[in-house]
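Colleague: I would like a close look at one part of this predicted model, namely its aromatic ring pairs and the residues that accompany them. Please take the rings one after another and say where each partner sits.

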Amino acid sequence: MNDKIKGIHQKLVVSCQALPHEPLHSSFIMGRMALAAFQGGACGIRANTKEDIAVYITPTMKEIEELMEVKPAIILSRLHTLPSITIKEFAMIFGNVKDLDNYTYLDEKIQKCFQYAAEHDLLSYEKGRHDIDGDALFVNIVEYETTTPEERFWEAHKYYLDLHVMLRGPEQIDGNFIQNMEQKDFVEKDDFLPLEGEPNNHVVLEDGDFLLCYPADAHRTAVAVNGPAKIKKAIFKIKI
């Protein structure tokens with residue numbers, strides 16, 4: 001039996017899907033439902049679109065081609081022989097460092113960032129880059145004043161994950177998937193993909209909150225919450 005099939009054999013898979021006309025239709029809401037399913041003991045989810053997936057059941061070849069853009073853990077199909085699939089991309093994850101027991105499934109490099117944050121007084125760090133493991137893992141300490149969305153820009157990254165950990169907030173971060181945005185020319189040397197478009201979700205980071213952004217996650221930072229505020233934040237850069 002394939003190792004991935006063994007991983008779900010005789011285990012719980014929860015349906016996390018909503019059609020466009022239904023009130024819960026939102027990639028962000030489905031993502032939170034998927035997290036709740038995981039915390040409740042599910043080994044995977046059944047999802048309806050490529051934006052939401054960890055498991056996708058009975059697709060056609062059209063959906064399979066779309067799904068390979070985001071590389072789900074498993075695609076179950078009754079009709080087709082499927083290519084080997086590995087996990088490289090997820091949707092952004094929002095949480096708080098007080099609840100890290102809920103996120104033990106995250107990659108060990110991400111866990112190393114949380115451990116580093118717990119063992120160091122990041123609030124006292126000077127602005128700028130601080131190496132942890134050279135270019136493979138480092139943290140940028142940033143301080144700025146939040147402002148209106150019109151004054152900010154969209155970005156995404158190809159070679160690094162971004163783990164934003166709020167030291168002194170609040171800050172709103174808008175999100176969407178890069179496939180929903182107008183993508184500009186990628187700046188290789190800066191690992192910077194500029195984009196234009198509108199958000200389909202946002203989160204507000206207070207002290208201790210974190211947001212993990214994957215390559216498929218467009219994000220717009222430094223948006224004010226009820227007026228401008230001076231914030232300080234650690235952004236861990238995790239090489240893929």
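Modeller: What follows goes through the ring pairs, then the charges beside them, and ends with the cysteines and one pair of strands.

In this predicted model, the count of aromatic pairs comes to seven. One of them joins phenylalanine 138 and tyrosine 160, whose ring centres are 5.8 Å apart and whose planes make an angle of 65 degrees, an edge-to-face arrangement. Because phenylalanine 138 belongs to strand β7 (residues 137–145) and tyrosine 160 to strand β9 (residues 160–168), this pair ties together parts of the chain that are 22 residues apart in sequence. Phenylalanine 138 is buried, at a relative accessible area of 8%, and tyrosine 160 is likewise counted as buried, at 14%.

A further pair is formed by tyrosine 159 and phenylalanine 186: the centres are 5.9 Å apart and the planes stand at 75 degrees, which is over the 60 degrees required, so this pair too is edge-to-face. Here the link between distant parts of the chain runs from loop to loop, since tyrosine 159 lies between β8 (154–156) and β9, while phenylalanine 186 lies between β11 (182–183) and β12 (193–196), and the two residues are 27 apart. Tyrosine 159 counts as partly exposed, with 31% relative accessibility, and phenylalanine 186 also counts as partly exposed, with 23%.

Elsewhere, ring pairs connect Tyr103, Tyr105, Phe114 and Phe210 into a cluster.

Two of the rings described above also have a basic side chain over the face. Arginine 129 lies over the face of phenylalanine 138, at 3.7 Å from the ring centre, so the buried ring of that pair has both an edge-to-face partner in tyrosine 160 and an arginine over its face. Over the face of phenylalanine 186, at 4.4 Å from the ring centre, lies lysine 158.

As for the cysteines, the count of disulfides comes to zero. Cysteine 113 is buried, with a relative accessible area of 0%, and cysteine 213 is buried as well, at 1%.

Finally, strand β15 (residues 217–223) is mostly covered, with seven of its seven residues buried. Strand β10 (residues 171–177) pairs with β15 in the antiparallel sense, over five bridges, and within β15 it is arginine 220 that stands opposite aspartate 174.

Notes: Residues are numbered from 1 along each chain as its sequence is written. This is a predicted model: local features need pLDDT of at least 70, side-chain atom pairs count only at pLDDT 80 or more; totals for chains, interfaces and linings use all residues. Side-chain values use heavy atoms; hydrogens and water are left out. Rings of Phe, Tyr and Trp (its six-membered ring) pair if their centres lie within 6.5 Å; planes under 30 degrees apart count as stacked, over 60 as edge-to-face and the rest as tilted. Helices (H or I, at least four residues) and strands (E, at least two) are DSSP runs, numbered from the N terminus. Buried means under 20% relative accessible area, exposed over 50%, partly exposed in between (1.4 Å probe, protein chains only). A charge sits over a ring if NZ of Lys or CZ of Arg is within 6 Å of the ring centre and within 35 degrees of the ring normal. A disulfide is a pair of cysteine sulfur atoms within 2.5 Å. Two strands pair if DSSP finds at least two bridges between them.
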